[in-house]
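This briefing covers chain architecture, chain contacts and one helix pair. The sequence and structure come first, and the notes follow.

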Amino acid sequence: MCGIVGLHLRTPELYPRLGELLSGMLGEMSDRGADSAGVAVYGDPVWSPPGRGCVSVTDIAAAPDLGSDVDVVQVDSTYQLSSDVSSEVLLERVRLSYPDALIAGFGADLAVLKGVGHPRSLTDAWGLAKAQGWQGVGHTRMATESAVTPSGCHPYTVGPQQCLVHNGSFANHATIRRDLRRAGVVFDSENDTEVGARFVAQQLAAGRDVETALKELCATFDGFYTLLVSNHDSFAVVRDAIACKPAVIAETTEWVAMASEYRALSELPGVESAKIWEPEPEVVYAWTR
Amino acid sequence: MTASDDRARRGLRESATFDRPTIAAIQRAAETGIYDIRGWGAKRPLPHFDDLLFLGASMSRYPLEGYRERCGTDVVLGDRHAKHPLHLDIPVTIAGMSFGALSGPAKEALGRGASEAGTSTTTGDGGMTPEERGQSKNLVYQYLPSRYGMNPDDLRKADAIEIVLGQGAKPGGGGMLLGQKISPRVAGMRTLPEGIDQRSACRHPDWTGPDDLTIKINELREITDWEKPIYVKVGATRTYYDVKLAVHAGADVVVVDGMQGGTAATQDVFIEHVGIPTLAAIPQAVQALQELDVHRKVQLIVSGGIRNGADVAKALALGADAVAIGTAALIALGDNHPRYEAEYEKLGSAAGFYDDFQDGRDPAGISTQDPELAARFDPIEGGRRLANYLRVLTMEAQTIARACGKAHVTHLEPEDLVAVTIEAAAMARVPLAGTEWIPGRGPGAGL
Amino acid sequence: MDTLVRYDLRTTPLREVNTALHKPGVTGEFVIDHPDGAHNVAVGVNAPARVTVNGHVGYYAAGMNQQAEIVINGNAGTGVAENMMSGTVRVNGNASQSAGATAHGGLLVIEGDAAARCGISMKGVDIVVGGDIGHMSAFMAQAGRLVVRGNAGEALGDSIYEARIYVRGAVASLGADCVKKDMRPEHHAELAELLAAAGFTDETSEYTRYGSARNLYHFHVDNSASY
């Protein structure tokens, strides 16, 4: 019921092109999900000014006002907040003042945009093609409920700088959600992806690295799934043991990219000489800046 | 005094938990080391159409006279995208049943009877036979995980294509055909060695999930130049979501098969303990279609325990466009007829109990590949019997619809129904008779 | 006289292209440019035509092909040549999952790698892969021949019936009831023919044959661990 894309740039010469490349990739995945989309962009200086804590807020009636020390940049229906305090502190302030708003993401150098509508219209409305940065992750969604809302969109970001996108479905997430709730985790939705995201976040918060966290996830969750997890400086892909949902990875010295279908990678610079493969089941492929 | 009176007098009491059939099942497992395989659908009592009643005519609801005051029964299936939707004279179709599970003459009879009554038949997990295509005016071609016998020539010969995700008897199970039924002809059609026990896939080989199904539906449309309706069939489980996803993926018709739906062979535990009753599935499917504003535009076919015109009328009243019959069609052909009592006894069974379709020793010659047994079955006589039965189903449904003041059987509505049990009221989402109470409904309740 | 007809999928709808390829009695050469990952390109062709696709295709390219010779100059998505009946499909690139799924006949050649489930449920097709194949390849493979010049992933030939598999490289693991088999003269001959048809000249002595042990042909309680 969706398409996922991810791009991790290894050379700063390409940082100015992140948004342009990511827009193209997301657009190619519109057929897999045409009702809503989300992107996470790491390192855009306008959306997430360097050295500041950032929070992405959406599903809110008007621009949030948290005082003069919090800057607000509007990106279509998302408000990018930045401040000199840490993202976690800023997040708490947003939650206190706007408890009903949807927090799309939070973390240094991170902007997360989610919206309802055709992915190509959304990337236009966001001006994604002009965004810069070192890493981006995106998701296009086929809606199944009559009311399509931003809260159903990926990426799910449940820890600072952490994003997760998911193609497929879990089979035993209801039990895992109960276990996480007992451990004090609060959920925003009934979405199965959110269970995966919060599970990973809990693992990372306990000090495990991404590879271990994803291996734990594979051991715990049943279902068919391709997952892409991004952190401030890392990018990891894993598929379940049966690996029916599609995924392809391409790697050059300049970038690593992942998508549900090859067509999303076909316009990346130098893809003709990229190493291209489809991830093996339960193998975590991870890259760090 | 009967044997059971005698036992009662002597103070013998059977356990409801470990009753005699359960004891026999445990002992059979201990002897053989393999699960019990059988045909038919769930046999245990379940909330079903019998628990619903029609309100009929009243001071404010006027019945229609027979004959001249028309009560229509025709239905169009698949007019959303296809160049050639199916136009059926009656809202009862013949469900998918494989050649392999059934004999060639039986498939021929189904085609004859359905064509005489102006409806459709459906191929099964084994492909299209010339007999069925030859006799059936409207033939739906099933597209299953196994893809046995699947080929584009037959795809083009079909009148509709039914993508099967699952069936009510075993949602999540693949086809099953044991060696005794893998005759030379069946083996040839399925590209299998003769006489082996067929292992079958339970998932499609080249798609999983509604995102991929969308592409697959388009492929089948492109191959057949958008001529034929595409059905998507599911066994009743998470029906509300399945129907929504099927519609999103592009289905023209959705087929929902409840747990009472039959199979030719699968594990008994699968049949009895997986899937939900037909009654509980229909309102979910209808709600899904209504929320997407495609009710009556994407048609709904319901199957799983349809037995008489009352069942047909109730399924339509709950929102189906048509029903499909499988087990009932075979019974009409002659399955489990008392005339074979002596032979059923020899097989360790009895008329009315026989469900060992997997053995291929059916005395009625219907669910067998044995040439001698199959020869007992006369396809022309069988076709006539099926046509008779289909006519009765239709007339019974019309009688009820007229009594409710309807000019067409699909004008029946949930408000024409009440339930006599709390479970049926909750599952069918109609009030308990004499009350306004629909258990489980209300703000925030339900889905 | 054979004509060459050219289509650009950026400007011509796919339906128009497939419809043209389905015209009764169609022959000759067709070129399809700019598929750009489109799905269902050249599906349901039933004619001795030649179709060249210049670019990457999405799912089910050349699906249910009959008679045609279809060349894809790019990568192919899931299910290339699925359920092919006859003819040839050649992918001058990599193929994604379920390449040649359930196909009954014809020849599928993949120059590069094929991913998971290559030849799943194959029913008589011949598949020759220039590079590696992914996990669960030849799952429930009923008939036909699969030749792999590179390596095979986990669970090769799981639940295999009568298909024959030839692998030159390493096999990560074998699936249920799939075993190594002797290469007799007739197998060397068969393999040489398949390689030649695909345009390769490897020594057949470098290959190992795999096929069914036929232990799962009848349900038996002793095999219950295999299910």
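Among contacts in chain C between residues at least 6 apart in sequence, those joining residues at least 24 apart make up 22%; two residues are in contact if their C-beta atoms, placed from the backbone, lie within 7 Å. The model is predicted, so local features need pLDDT of at least 70 and side-chain atom pairs count only at pLDDT 80 or more, while totals for chains, interfaces and linings use all residues. Residues are numbered from 1 along each chain as its sequence is written, and chains are lettered from A and ligands numbered from 1 in the order in which they are written.

**Chain C: fold and dimensions**

- Two helices and eleven strands are found in chain C, where helices (H or I, at least four residues) and strands (E, at least two) are DSSP runs numbered from the N terminus.
- The order of these elements along the sequence of chain C is β-α-β-β-β-β-β-β-β-β-β-α-β.
- The C-alpha trace of chain C spans about 60 × 35 × 30 Å along its principal axes.
- Chain C has a radius of gyration of 18 Å, which agrees with the value near 17 Å for a compact globule of 227 residues; the radius is taken over C-alpha atoms, and the globule rule is 2.2 Å times the number of residues to the power 0.38.
- Of the 227 residues of chain C, 58% are buried, that is, 20 or more other C-beta atoms lie within 10 Å of their own, with C-beta atoms placed from the backbone.

**Contacts between chains**

- Chain C puts 39 residues into its contact with chain B, which contributes 23 residues.
- On the chain C side of that contact, α1 (14–21) and β7 (123–129) of chain C are the elements that give two or more residues, and α1(C) gives the most, with three residues.
- This side of chain C has 14 nonpolar, 20 polar and five charged residues; Ala, Val, Leu, Ile, Met, Phe, Trp, Tyr, Cys and Pro count as nonpolar, Asp, Glu, Lys and Arg as charged, and the others, Gly among them, as polar.
- Between chains C and A, 15 residues of chain C meet twelve residues of chain A, and the chain C side comprises two nonpolar, twelve polar and one charged residues.

**Helix packing in chain A**

- Helix α1 (residues 18–28) and helix α3 (residues 119–126) of chain A pack at about 160 degrees with axes 8 Å apart, which makes α1(A) roughly antiparallel to α3(A).
- Axes are lines fitted to C-alpha atoms, for helices over the stretch in contact, and angles run from 0 to 180 degrees between N-to-C directions; over 145 degrees counts as roughly antiparallel.
- Ser23(A), Leu26(A) and Gly27(A) of α1(A) are in contact with Pro119(A), Arg120(A) and Thr123(A) of α3(A).
- By class, the residues of this helix contact are two nonpolar, three polar and one charged.

Conventions. Parallel < 35°, antiparallel > 145°, perpendicular 65-115°, else oblique. Buried ≥ 20, exposed ≤ 12 C-beta atoms within 10 Å, placed from the backbone.
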